[in-house]
Amino acid sequence: MKILLAILMLFAVNSDKIKINDPWMRPAASGGNTAAYFEIQNLTDKDDQLIKVEGKFADSFEIHETKEVNGKMKMSEVGQLTVKAKSTVSLKPKGNHVMIFDVTKDLKKGSTETLTLTFKNAGKIDVKFKITDNTGNDKQNSGHQHH
Ligand SMILES: [Cu+2]
């Protein structure tokens, strides 16, 4: 349990304006696509926007939303993602996510990769993403998912 806690702390990134919780990415083979998920917590009393995502391990990154259209889930690119003042936005499977195209190396389960998230107000934040195919279910279960 102590080890798990240490791992969770290692992956939690703190800024005084924005906090990123539970960052993870699905494994992918070189040349393939993947998606990144996390929770954005806006600690300020001003709305903020995630406007850009970059990383060294892939060719392109897009912020996607998933919407149900005629009973089918469809994803589309959104230029930015708003996180209202003192609020939290989750990027999770079947919802908002960062789509990553053409990874330039194998993203292996158990390793980590860094993404740079750019926010309009908070600026750039480097976040280490854990590569895992364990979706961890919902946020409420984090910290207990390995039991
Ligand atoms: Cu997508």
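Q: Two strands pair if DSSP finds at least two bridges between them; in this predicted model, which residue of β9 is the bridge partner of threonine 34?
A: Strands β3 and β9 meet that condition, since they pair in the antiparallel sense over 3 bridges. Within this pairing, threonine 34 has as its bridge partner in β9 isoleucine 100.

Q: In what order do the elements of the protein chain run from the N terminus on?
A: The secondary structure of the protein chain comes to 1 helix and 11 strands. Read from the N terminus on, these elements follow the order α-β-β-β-β-β-β-β-β-β-β-β.

Q: What share of contacts between residues at least 6 apart in sequence join residues at least 24 apart?
A: One pair of residues that lie apart along the chain is isoleucine 20 and glutamate 39, with their positions 19 residues apart in sequence and a C-alpha to C-alpha distance of 5.6 Å. For the protein chain as a whole, the share of contacts between residues at least 6 apart that join residues at least 24 apart is 66%.

Q: Which residue in β3 stands opposite methionine 25?
A: Strands β2 and β3 run antiparallel, and 6 bridges join them. Among the residues facing one another across this pairing, methionine 25 stands opposite alanine 36.

Q: Which residue in β8 is the bridge partner of glutamine 41?
A: Besides its pairing with β2, strand β3 is joined by 4 bridges to strand β8, residues 88-91, and these two strands run antiparallel. In that pairing, the β8 partner of glutamine 41 is threonine 88.

Q: Is isoleucine 20 buried or exposed?
A: Isoleucine 20 has its place in strand β2. The cut-off for a buried residue is 20 or more other C-beta atoms within 10 Å of its own. Because isoleucine 20 has 23 C-beta neighbours inside 10 Å, it counts as buried.

Q: Which residues touch the most other members of the largest nonpolar core?
A: Nonpolar side chains in soluble globular proteins tend to be buried together. Here 22% of the 147 residues of the protein chain count as buried, and the largest nonpolar core has 25 residues. Elements giving two or more residues to this core include β2 (18-25), β3 (34-42) and β11 (123-131). The members that touch the most others are Ala36, Phe38, Ile40, Leu50 and Phe129.

Q: Which residues does leucine 50 touch, not counting residues up to four places away in sequence?
A: Leucine 50 is one of the residues that touch the most other members of the largest nonpolar core. When residues up to four places away in sequence are left out, leucine 50 touches Ile40, Ile63, Gln80, Leu81, Val83, Leu117 and Phe119.

Q: How many of the 6 residues of strand β6 are buried?
A: Strand β6 (residues 72-77) pairs in the antiparallel sense with β5 over 6 bridges, and one of these partnerships sets histidine 64 against glutamate 77. Despite this pairing, β6 lies largely in the open, because the number of its residues that are buried is 0.

Q: Where does asparagine 70 lie, and is it buried or exposed?
A: Asparagine 70 lies in the loop between β5 and β6, in a hairpin that has 2 residues between the strands. Its phi is positive, about 50°, although it is not a glycine. Because it has 5 C-beta neighbours inside 10 Å, asparagine 70 counts as exposed.

Q: What distance separates the C-alpha atoms of leucine 43 and lysine 86?
A: Leucine 43 lies in the loop between β3 and β4, counts as partly exposed because it has 15 C-beta neighbours inside 10 Å, and touches Asp16, Lys17, Ile18 and Lys19, not counting residues up to four places away in sequence. Lysine 86 lies in the loop between β7 and β8, has a positive phi of about 55° although it is not a glycine, and counts as exposed because it has 12 C-beta neighbours inside 10 Å. Along the chain the two are 43 residues apart, while their C-alpha atoms are separated by 5.2 Å.

Q: Over which residues is the pLDDT below 50?
A: The mean pLDDT of the protein chain is 87, and 82% of its residues reach 70 or more. One stretch, with 12 contacts in the model beyond near neighbours in sequence, has a pLDDT below 50. Where pLDDT is low, the predicted coordinates should not be read in detail. The stretch in question is residues 137-147.

Notes. Residues are numbered from 1 along each chain as its sequence is written. This is a predicted model: local features need pLDDT of at least 70, side-chain atom pairs count only at pLDDT 80 or more; totals for chains, interfaces and linings use all residues. Two residues are in contact if their C-beta atoms, placed from the backbone, lie within 7 Å. A nonpolar core is a set of buried Ala, Val, Leu, Ile, Met, Phe, Trp, Tyr and Cys residues joined through C-beta atoms within 7 Å. pLDDT is the predictor's confidence in each residue, from 0 to 100.
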